[in-house]
Amino acid sequence: MEAILFWIFAVTAIVSALVVILAKNPITSALGLIVTFFVLAGYYVLLSAQFLAAVQVIVYAGAIMVLFLFVIMLLNLQRLPEMFPQSRTGLLLGVVVGGILFLLALKALTGISAAGSPSQVDVDMGSSANLGTRLFTTYFLPFEIASVLLLSAIIGAVVLIRRPPDADQSPDA
Amino acid sequence: MVSLPHYLVLSAILFSMGVIGVLTRKNILIIFMCIELMLNSVNLTFIAFARHLGNIEGQIFVFFVMAVAAAEVAVGLAIIVILFRFKSTVNVDSMNLMKW
């Protein structure tokens, strides 16, 4: 059962990732990325990470991609004429470098002897109770730092977007 | 029987597809989406290892990777909007102020 699901998810993930990197329209890329996120959430459930699967759907597909789509729509990109045509050598070099990186990663990752057999791992490993216990005891400091990080990101985004006040404001009478 | 190398190879495929997207595309938004694809492939690696080694630390790290990715997307999209205000384009070839 796990094998059938793995292969279905694998084909879907690779096809939607291809849509992300090949689509002309950024909205099509965004939708392909959303499908990839859902497929990965399915993988996390298969790998006993139920809480992270839910967080993946809520945070990535539900917040980050919505933000992406808002920005794409607000920028209102027209079909402008291509000022800089895509060079063929640039495309070829990009694909070759990606291929070399893939071969390197393959060599590095498949040399690992599959250590502990997964049958010993219980399905409750990734439950929110287990994850929450570890987060609030052993990893409490990174958790608090992550909250400060999110606060600084909010402040940074607001400060960046704020337009400077106009120079020619009429003074109050 | 699906074991650890299957997940790692899939993660390597997704990661290299993200790299190809970053190196090849000219639209800054699509480049940003390929960066998110790379982050997600690394998340899959972490969770696959967490399950096959029986260690929860992999999932803890994925939790923080997701938090950092959310913050990064917020600030990165703000920067892209400001770039668009100045340049009126999202083509990365026209963002060449630092070119010598």
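Domain bounds here come from an automatic or database domain assignment. Everything shown belongs to a predicted model.

**View 1. Chain A splits into two domains.** Going by that assignment, chain A is divided into domain 1, covering 1-77, and domain 2, covering 127-163. Measure from C-alpha centre to C-alpha centre and domain 1 of chain A sits 23 Å from domain 2 of chain A.

**View 2. Chain A is built from helices.** Count them up and you get six helices and zero strands in chain A. Follow the sequence along and the pattern reads α-α-α-α-α-α. Chain A has 173 residues, and 21% of them count as buried. Now take the contacts in chain A between residues at least 6 apart in sequence: 51% of these join residues at least 24 apart.

**View 3. Chain A meets chain B.** Here 69 residues of chain A are in contact with 62 residues of chain B. On the chain A side, at least two residues each come from helix H1 (2-22), helix H2 (26-46), helix H3 (50-75), helix H4 (88-109), helix H5 (128-137) and helix H6 (140-161). Sort that side of chain A by class and you find 55 nonpolar, twelve polar and two charged residues.

**View 4. Helix H6 of chain A packs against helix H3 of chain B.** The axes of H6(A) and H3(B), the latter spanning residues 57-87, are 9 Å apart and make an angle of about 10°. Angles under 35 degrees count as roughly parallel, so H6(A) and H3(B) are roughly parallel to each other. From H6(A), the residues making the contact include Pro142(A), Ala146(A), Leu149(A), Leu150(A) and Ala153(A). Among their partners on H3(B) are Phe64(B), Ala67(B), Val68(B), Ala71(B) and Ala74(B). By class, this helix-to-helix contact has 18 nonpolar residues, one polar residue and no charged ones.

**View 5. A close look at Ile60(B).** You'll find Ile60(B) in helix H3 of chain B. It has 20 C-beta neighbours inside 10 Å, so Ile60(B) counts as buried. Leaving aside residues up to four places away in sequence, Ile60(B) touches Arg134(A), Leu135(A) and Tyr139(A). Ile47(B) is 13 residues from Ile60(B) in sequence, and the two are 9.2 Å apart in space, C-alpha to C-alpha.

Terms used: Residues are numbered from 1 along each chain as its sequence is written. Chains are lettered from A and ligands numbered from 1 in the order in which they are written. This is a predicted model: local features need pLDDT of at least 70, side-chain atom pairs count only at pLDDT 80 or more; totals for chains, interfaces and linings use all residues. Two residues are in contact if their C-beta atoms, placed from the backbone, lie within 7 Å. Helices (H or I, at least four residues) and strands (E, at least two) are DSSP runs, numbered from the N terminus. Ala, Val, Leu, Ile, Met, Phe, Trp, Tyr, Cys and Pro count as nonpolar, Asp, Glu, Lys and Arg as charged, and the others, Gly among them, as polar. Axes are lines fitted to C-alpha atoms, for helices over the stretch in contact, and angles run from 0 to 180 degrees between N-to-C directions. Angles under 35 degrees count as roughly parallel, over 145 as roughly antiparallel, 65 to 115 as roughly perpendicular and the rest as oblique. A residue is buried if 20 or more other C-beta atoms lie within 10 Å of its own, exposed if 12 or fewer, and partly exposed in between; C-beta atoms are placed from the backbone.
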